[in-house]
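Colleague: I'm new to this one, so could you take me through a single part of it at close range? Pick a spot where charged side chains come together, and then follow the chain outward from there.

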Amino acid sequence: MSGFIFSACGIALVLAVVAPDLSGQEPRATERRAAIRVERIASRYAAAPQSKAGVFVTGQDADLVLGTKGFNNSGGPLLLNHPSGLATDGKGLLVADRWNNRVLIWKSAPVGNTLPDLVLGQPDFTQNNSGAGRHQLNWPGNVAITPDGRRIAVADTENDRVLVWNSFPVRNAQPADLVFELGGLFDGGGADRPANSQRPGGGHLGWPWGVWTDGAKLAIVATRGAAVLVWNSFPTRDQQPPDFILRPEGAGTPRNITSDGKTFFALSDHNFGERSRPATMVWSSFPTSAAEPPDWRWDEWVKGSFTTDGKLIVGGIQSVYLWNKAPRDASTDADVSLHPATYRNGDGPDAVVANGRLYVCTYNGNHILGWNALPTRDNQPADFAVGSDRTDQDTWAEHHFIQNPAVATDGKSLFVSSDFDRKLFVWRSLPDESAARPNWVYHLPDGPWDSAASGTTLALAGRDTVFIWRKLPLNGELPDLTLRARIGSVELRELTGVAMDARHFYLADRQADRIYVWDGIPDADSDPKLTLDISSPGRLNSDGNHLCAAPFEGQEVRVWSVKKLAADSRPFRIGGAGVFNLPGDALAADGKFFVADRSNHRVQVWDRVEDALAGLPANASLGAADEMDRSAGLVRNKLFMPGSVAWGGGYLWVGEFKFSTRILRFSPSAKASARPTTRTRSEPPVNPNPAPPPGAGPASPRTNQPGPWDNDVLVQRLGPGQTRPLATFSRAGVPALARLADGRIIAAFQHFPADDDRNFDRVAVCFSSDEGRTWTKPEPITVTGMEAGLARPFDPTLVPLPDGRVRLYFTSNRSPDFARSVPAIYSAVAQDGVNYEFEPGVRFAIEDRVVIDCAVALHGGVFHLIVPDNGTPEQMRANQQRREPPRGGTGYHAVSKDGLNFERVADVTMPGQNRWLGNMQSDGERLAFFGTGAGPWPVTSTDGAKWEAVAGSSQVTGADPGAVKLKDGVWLVAVTSPPREGTPSAQKHPQPPSNQPGQRRNQ
């Protein structure tokens, strides 16, 4: 295909532990280095006052957002934001409007910039919040519709799922009929596959980017796992397993499918082969087995469709190609090649034909180009556009969207540079309202990767160029100094960081693996004072005391003492695998420390720099619901790949990278300024630690530290005089059992899968239809509508309700430090035991007491709740340090008529070493409680107040049991086992005797 033009990525990053694909946006057309053009913007906005002192809190909302139309504001039905896929049944048009978290539908394909008829994923055409309900979307990558116009499938990429509507939607935000969670799909077995089975070919499936169907077959592209899931006939139920999974050799991050369903099947890939370059693999017939290799390959990422008369038309990175007949090899030239001036593609090429008109997706152009008929000559111009009034209109620039913003501030003004847009945006005052337009826009000949403001000086650096303003450019001034290609004896090769302070000027060069340090601002002939050796450095910051360097590739940030800076200085190394994932920026400012933990979608905040240097965990995570949250979102309290941070005016400014245009402002909370802390170090370590131990920081499935992932849940029949094992849920704990209205048994537990970072430390459920002998594989639950700032549910308890639903009672709080946020009991309900809706409010809590891990049962029309007395946060911390369980002999008891509003009644007590940590059930006549300790269990009660052992009670080995009565009258019991032999927990702490409580996880 000689007509192809290849374009390499403008940003190249290495994939990390859980990052999907971080190769960057394709650059716009290459420009000659020209003069800087300065554009004045007639902008008026409120200026921000100085923020008050305080601290940041995990999960808090951002104050305002720039680079978009505002929070939950798309800008309307015709302002697209990175359209990434098209679909048609030959009549209508569907557009995956990715960064607006929606799919737009025209029942009749438009002939211009006319309003769509429906929207999926949003209640109206203005809102654009991401979400995880069946009626919501989170960064949808592609859309498909069957030729008969009935079924619609959407690749809901960031939710790791594909949604299917079985009939054409009739209203906005109509919920999907089918859901396919990629993390739970296997070939030839699906939900029936044994829990301990391995995925064929290995690797977790996720991040669905592409979806295709011809109405008979269905295919889904899993970018994570490098696979295509194929159904030979269209699936009819949730989680129906595919017929086979295609894993072609050399696949890196596969993206999209183009096929006629019979004689042509093309799979595009952004990072194919050893060189990780874009390519499209082509099969000359639709694959029928997992082992079928492609027949040939194009060296570009393309995506498109067939016309009814067999023509093939595809969009590529810089061009659109049309063949009158499908090509059979890579050397067949296109019959028509189009290179529209406003065709700016990247991660979303696509082309479809509807009503005889051609529609082409322009991912980075923010619109759809249209031709009234199929073009018949090369470079035939487009006739109209959708998403803009003219084909040459740049809505991206008009609305001041910013790709890859690098933020800097002197505390009074805001400066944002962009390597992708090759621009500098200047707000003369710190804005105090969302969507405030900048006062000045600089159009630069080179794209700066980093920016720095110090005193009255501003510097930008990128590629081989440095721009320096000795006076801040608040009135459109040109830079005072432009340094290009060389400074003194230093060759500038690939600049990725710049910083300044009262002493020094710093530049990071990724290709040179060095940070250069000058005394003061250099001129063209200045040699550096010293150099610091560092592999692949990225963005830099200095507050005059600490020089901070983020890696361009890697998992840890480096910090040097500026006062002790020398060529042989050893930096502090903060983070590592399991702590950060491709951190984009690190900053010490005003005594605080911030890290833009980019691929974990959060900013980690330390109240004191010394605590970060000492290796202590962060005080807060912005963009995360709790310390374990790694999910991305485009809502007010979430982040999507934060890549840069700046501090000034008492505010934290965060710029998001690649997959979002947002710049968010966070303010510390004055109300939380007096929060207690257990950090006691007042000085950093004497000797910086160059290699922190693996697994330091938040738990990770790949950590080698002891933790609850070293335990299993054991399921067993507890018969008279004998215990018979039935099943094991690996890497799990704190189980609960219940019988559903349809007779199945459901088990819920905390799960720590080794190959699924997204669902690590989440509640998962399994189902048994044969009285506990076999179980479905663990499936993570979802809870929609959670209150802002609440941690994800842990320590589950299940109660079947009379109407057939099941209620989940769980523990949650707003900080992993119980002294900051005392945990309480909350609830949610579900029809299927998997997808829960949060029930607002607290079910049970006691001021200044740790309330975790309750047991609840519905007995005689009354809900009884019992939860062990774990003491105060200080007492519980002391017990943890001594590795002793709380006393637990006393339990709080509360009752409720509706299961929502509980009234505390007299406490209950337990003799000996037994604890009110377990599970409660009712047989209609008596309550039965299985707890932790020597037993015997169960103890029973008619009223929940007076408890006694009964004949047939037995010892239960293990901790925190869940129990349910089987149909033959025998108890089915699930317990948390002691640590598995050979695990870090077992090696560090010997297993407790079998008649003592096992170790359990304390949140």
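**Around a buried salt bridge**

Modeller: Let's start with Asp 629, which has a relative accessibility of 5% and so counts as buried. Keep in mind as you look that this is a predicted model. The partner of Asp 629 is Lys 638: their side chains meet in a salt bridge, at 2.7 Å from N to O. Lys 638 is buried too, with a relative accessible area of 12%. In general, side chains of opposite charge can pair when their charged atoms come close.

Now move a little along the chain to strand S49, residues 642-648. Here 7 of the 7 residues are buried, so the strand is largely enclosed by the rest of the structure. S49 pairs with strand S50 (residues 651-656) in the antiparallel sense, over 6 bridges. If you want a place to put your finger, Pro 642 stands opposite Glu 656 in S50. The two strands form a hairpin with 2 residues between them, and Gly 649 in that turn has a positive phi of about 70 degrees.

Carry on to strand S51 (residues 663-666) and you'll find Arg 665. Its side chain meets that of Asp 63 in another salt bridge, 3.1 Å from N to O. This pair links distant parts of the chain, since Asp 63 sits in the loop between strand S1 (37-40) and strand S2 (64-66), 602 residues apart from Arg 665. How buried or exposed are the two partners? Arg 665 is buried, with a relative accessible area of 5%, while Asp 63 is partly exposed at 25%. Buried here means under 20%, so Asp 63 falls outside that class. Salt bridges that share partners also bring in Asp 432, joining Asp 63, Asp 432 and Arg 665 into one network.

For contrast, have a look at Arg 390, which forms a salt bridge with Asp 392, the closest N and O atoms being 2.9 Å apart. Arg 390 counts as partly exposed, at 44% relative accessibility. The count for the model comes to 34 salt bridges, and the ones I've shown you are among them.

So, back where we began: Asp 629 and Lys 638 are joined by a salt bridge, Asp 629 is buried at 5% relative accessibility, and Lys 638 is buried at 12%.

How values were computed:
Residues numbered from 1 in each chain as written. Predicted model: local features only at pLDDT ≥ 70, side-chain atom pairs only at ≥ 80, totals over all residues. Heavy atoms only, no water. Buried < 20%, exposed > 50% of the residue type's maximum accessible area, 1.4 Å probe, protein only. Helix = DSSP H or I, 4+ residues; strand = E, 2+ residues; numbered from the N terminus. Pairing = 2+ DSSP bridges. Salt bridge = Lys/Arg side-chain N within 4 Å of Asp/Glu carboxyl O.
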